[in-house]
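Okay, everyone, thanks for coming. Let me put the structure up, and then we'll talk about aromatic rings and cysteines.

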Amino acid sequence: CMVKNTAPIKVRSVWISDVHLGFRGCQADALLHFLHSVETDYLFLVGDIVDFWSIKKNPYWPQEHTNVIRSILGKAKHGTKVIYIPGNHDEALRDCVSHVFGNIEIHQDYVHTSAEGKKLLIMHGDEFDVIVKNSRWLAKLGNVAYDTLLDLNHYINSLRKFFGFSYWSLAAYLKLKVKNAVSYISSFEDALAHLAHERGVDGVVCGHIHHAELREINSILYCNDGDWVESCSTLLEHTDGSLELVFWSERFEQYKNHIQEELLASKKAA
């Protein structure tokens, strides 16, 4: 079980999505370390927090995944406003929209006003994925291929760790090298920015495509908070209203190395 940091990061808002609890590729330990490291007024769960597709296909639920749920519920109990916007992998929860469970509000989408007064539309984004919307069987086939890549990624990173190299995502690398994938990401981002413009808001925060991004598209602020399978990324709103994308893998690795050094030091002292 990961211990809390002595000096938590204090922010106004946190966005996380595509955690995929119940899937073997979920980096729950890193997420738990992040949740223990931050204090926030708002926590937005932007879809695919629980991966019901994966659970149905191959039941898997270790203690670390339960610990993530407990940490989120703990924040909701102690003053953090938690908003859950279901995605396609946890779409069963869309039947619960407008309900509150354990102080967690469930919404189809949500408009958040930042400390700077900017209105941000928050949604998962699968509504703008033509493959998910029109060809569910093809989406699931793609999901199997993605799972296979992540399994291969696990073995690659075990070797990289043995030789002293940092974490590297094969799936993310291929995604940015394949022309069609790059075109798809760009089309997805443009579609979300266009929707934000139509809704009369200043920006949009989404997930779904596992590609963290923070940029302006035709005067609309496009934010994708990434995922906790490949990039371990989160979007933060600081107390002054400024937004920052944070990639947590390196900080988590530093934390684990520190714990390991302390254990070795205590063994030597004993």
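So, there's one aromatic cluster made up of Trp15, Tyr42, Phe44 and Tyr110. Bear in mind this is a predicted model. Going by ring centres, the count of aromatic pairs comes to six.

Take Trp15 and Phe44. Their ring centres sit 5.3 Å apart with the planes at 15°, so that pair counts as stacked. Where are those two in the fold? Trp15 is in strand β1, residues 9-16, and Phe44 is in strand β2, residues 38-45, so the contact ties together parts that are 29 residues apart in sequence. Both Trp15 and Phe44 are buried, and for Phe44 the relative accessible area is 0%.

Phe44 also pairs with Tyr42: centres 6.0 Å apart, planes at 5°, so that one is stacked too. Tyr42 is partly exposed, though, with a relative accessible area of 22%.

Right, cysteines. How many disulfides does the structure hold? Zero. Cys26, for one, is in no disulfide, and the nearest cysteine sulfur, the one in Cys232, is 8.6 Å away. Cys26 counts as buried, at 10% relative accessibility.

Then there's Cys206. Why no bond there? Because the closest cysteine sulfur, in Cys223, is 8.1 Å from the sulfur of Cys206, which is too far; the cut-off for a disulfide is within 2.5 Å. Cys206 counts as buried as well, at 0% relative accessibility.

That's what I had on rings and cysteines. Over to you.

Note on methods:
Residues are numbered from 1 along each chain as its sequence is written. This is a predicted model: local features need pLDDT of at least 70, side-chain atom pairs count only at pLDDT 80 or more; totals for chains, interfaces and linings use all residues. Side-chain values use heavy atoms; hydrogens and water are left out. Buried means under 20% relative accessible area, exposed over 50%, partly exposed in between (1.4 Å probe, protein chains only). Rings of Phe, Tyr and Trp (its six-membered ring) pair if their centres lie within 6.5 Å; planes under 30 degrees apart count as stacked, over 60 as edge-to-face and the rest as tilted. Helices (H or I, at least four residues) and strands (E, at least two) are DSSP runs, numbered from the N terminus.
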